[in-house]
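Thanks for sharing this one. Could you open the structure alongside the notes below and follow along?

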Amino acid sequence: MLSRHSDPIVAIATASGRGAVGIVRVSGRDVSQVLKALCGRTLVPRHATYLPFLDAVGQPIDQGLALHFPAPHSYTGEDVLELQAHGGPVVLQLLLARCLEAGKSTGLRLAEPGEFTRRAFLNDKMDLAQAEAVSDLIDANTEAAARSAGRSLSGAFSHEVHGLRDALIKLRMLVEATLDFPEEDIDFLQKADARGQLDAIGKSVATVLDRARQGALLREGMQVVLAGQPNVGKSSLLNALAGAELAIVTPIPGTTRDKVSETIQISGVPVHVIDTAGLRDAGDEVERIGIARSWDAIEKADAVLFLHDLTRVGEFSYDVGDDRIAERLQSVLPSPDRLVHVFNKRDAAAPPRTEDVPGRHVVLSAQTGAGLDRLRHLLLELAGWHAQPEGVFIARARHVEALQRCQAHLATATALLQGDDPALDLLAEELRLGHDALSEITGQFTPDDLLGEIFSRFCIGK
Ligand SMILES: Nc1nc2c(c(=O)[nH]1)N(C=O)[C@@H](CNc1ccc(C(=O)N[C@@H](CCC(=O)O)C(=O)O)cc1)CN2
Ligand SMILES: Nc1nc2c(ncn2[C@@H]2O[C@H](COP(=O)(O)OP(=O)(O)OP(=O)(O)O)[C@@H](O)[C@H]2O)c(=O)[nH]1
Ligand SMILES: [Mg+2]
């Protein structure tokens, strides 16, 4: 019996709603039955043919372009039929239903999310990092993210990982040969400069890891929370950064009661800015719930902008309320590096005294925009962004984690190799584990449930 993974599948490949053109796509071992039923004829492979798409009694449902990609020369590597119809939701549903009916005896069923791309991966049309890049390209929020996803899709990231893997395989072979032939001992490894090879691989892993981190940042962005007492100008700062009147601003303390967020971009990096309810003890129940949510957001943030009102603090840059917030921030933030003090309303008051200025800070005016550029710059620095977007390939937290694991095994291997009489079996094992970590990125060693998790986040029809 055929497994579920070899059933023929069908889906509407274009976004739901009205569109100029909409595509229904079928993929399977053999799509000729559906093809004949809907198109009434065979098609020249890979040539667009304009014809009526027929219903069960031979009446046209729509007129459109049909394309047949015989296996293995298709997106999925299987036989693929594409019906490019007019992009109305009802037309496309009719075509989809008609395909299912025509292909019923072949086991044709609706595709699961990402199933076309999963097949492309299983049929070696692309590796896992490339398949993930397909989805990242579709989900890209910024031009820089889209361009770097395009680079990963065309194999730039995979190419780097393959380079690391090949170098590691070479070294593994050397170590395993030494293990297999006891007469060739550590001198043999030394002569072959195993240590030098390992060092070089370690350096290359560090370089790729750095680029992958940049890519993950482009994909995932950073979470920035605006926090502080009521009326310090948090909502004004959100609006200034977003360049739009998103949050309500009034002179009344306690205006914002719930989180308001917006994704902006700074040099192509998506920054999710969250405005929160002003932190204070007073207030009604609604406000107290809002404040609890503010603290939730603060705990999850990559960066917290702690706002101070320069017109209120008088000769001190901090007032009592700020002191209490500072204390609590210290206890909830995993690292003080995530905190930036923002002294707001510089247009209406003197700057803070230098001796009052704590750690990382910016003086600005949300109202006039003065100082905003410095803040943007600081946020990128905090995120660890140092790349030119042109050189980045998209990557995911999963890839960063695998590279870090590889790096850790290489570090252990280096330590082992430094001894006089290294345990070669342990060394070989560390190198093997490092190799496995790299293989997870491109998907040579990927458990089924991880594949399921990755592809289930794709859209239907992709
Ligand atoms: N109409 C349409 N547009 C689309 C897609 C599609 O499936 N249909 N794509 C997908 O979602 C993307 C393009 N991806 C594709 C990838 C490979 C092949 C293909 O036919 N590959 C063959 C031949 C390669 C060649 O001639 O060089 C192969 O790999 O053997 C087609 C589309 C974006 N645009
Ligand atoms: N002069 C001056 N006034 C500002 C500046 N930023 C905000 N304000 C004013 O400060 C008051 C409060 O601003 P909001 O942005 O609502 O303050 P908030 O921190 O969001 O307040 P809550 O939502 O109550 O916590 C408003 O009257 C703003 O116009 C600034 O840079 N300069
Ligand atoms: Mg507000």
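Here are a few points on the sheet and the helices that pack on it.

1. A reminder before we start: this is a predicted model.

2. Let's begin with the sheet. Its six strands run in the order β3-β4-β5-β2-β1-β6. The sheet is open, and the pairing is mixed. The edge positions belong to β3 and β6 (109-110), and each of these has a single partner strand, so one side of each is left without a neighbour in the sheet.

3. Do have a look at β1 and β2, which pair in the antiparallel sense over four bridges. If you want a residue pair to centre on, Val10 has Val26 in β2 as its bridge partner.

4. Now to the helices. α1 lies across β2, β3, β4 and β5, and runs at about 85 degrees to β3. α2 also packs on the sheet, where it touches β1, β2, β3, β4 and β5. The direction of α2 makes about 15 degrees with that of β2.

5. How far apart are the end C-alpha atoms of α2 (residues 89-102)? They are 20 Å apart, which agrees with the 20 Å that 14 residues should span at 1.5 Å a residue.

6. Which residues of α2 are buried? They are Leu92, Leu95, Arg98, Cys99 and Ala102. These residues cover an arc of only 125 degrees around the axis, which puts them on the same side of α2. As you know, an α-helix has 3.6 residues a turn, so residues three or four places apart point the same way.

7. Finally, the cover over those buried residues of α2 includes α1 (32-39), along with the strands β1 (9-12), β2 (19-28), β3 (49-54), β4 (60-69) and β5 (79-87).

Notes. Residues are numbered from 1 along each chain as its sequence is written. Chains are lettered from A and ligands numbered from 1 in the order in which they are written. This is a predicted model: local features need pLDDT of at least 70, side-chain atom pairs count only at pLDDT 80 or more; totals for chains, interfaces and linings use all residues. Helices (H or I, at least four residues) and strands (E, at least two) are DSSP runs, numbered from the N terminus. The expected span of a helix is 1.5 Å times one less than its number of residues. A residue is buried if 20 or more other C-beta atoms lie within 10 Å of its own, exposed if 12 or fewer, and partly exposed in between; C-beta atoms are placed from the backbone. The arc is that of the directions from the helix axis to the C-beta atoms. Two residues are in contact if their C-beta atoms, placed from the backbone, lie within 7 Å. Two strands pair if DSSP finds at least two bridges between them. Axes are lines fitted to C-alpha atoms, for helices over the stretch in contact, and angles run from 0 to 180 degrees between N-to-C directions.
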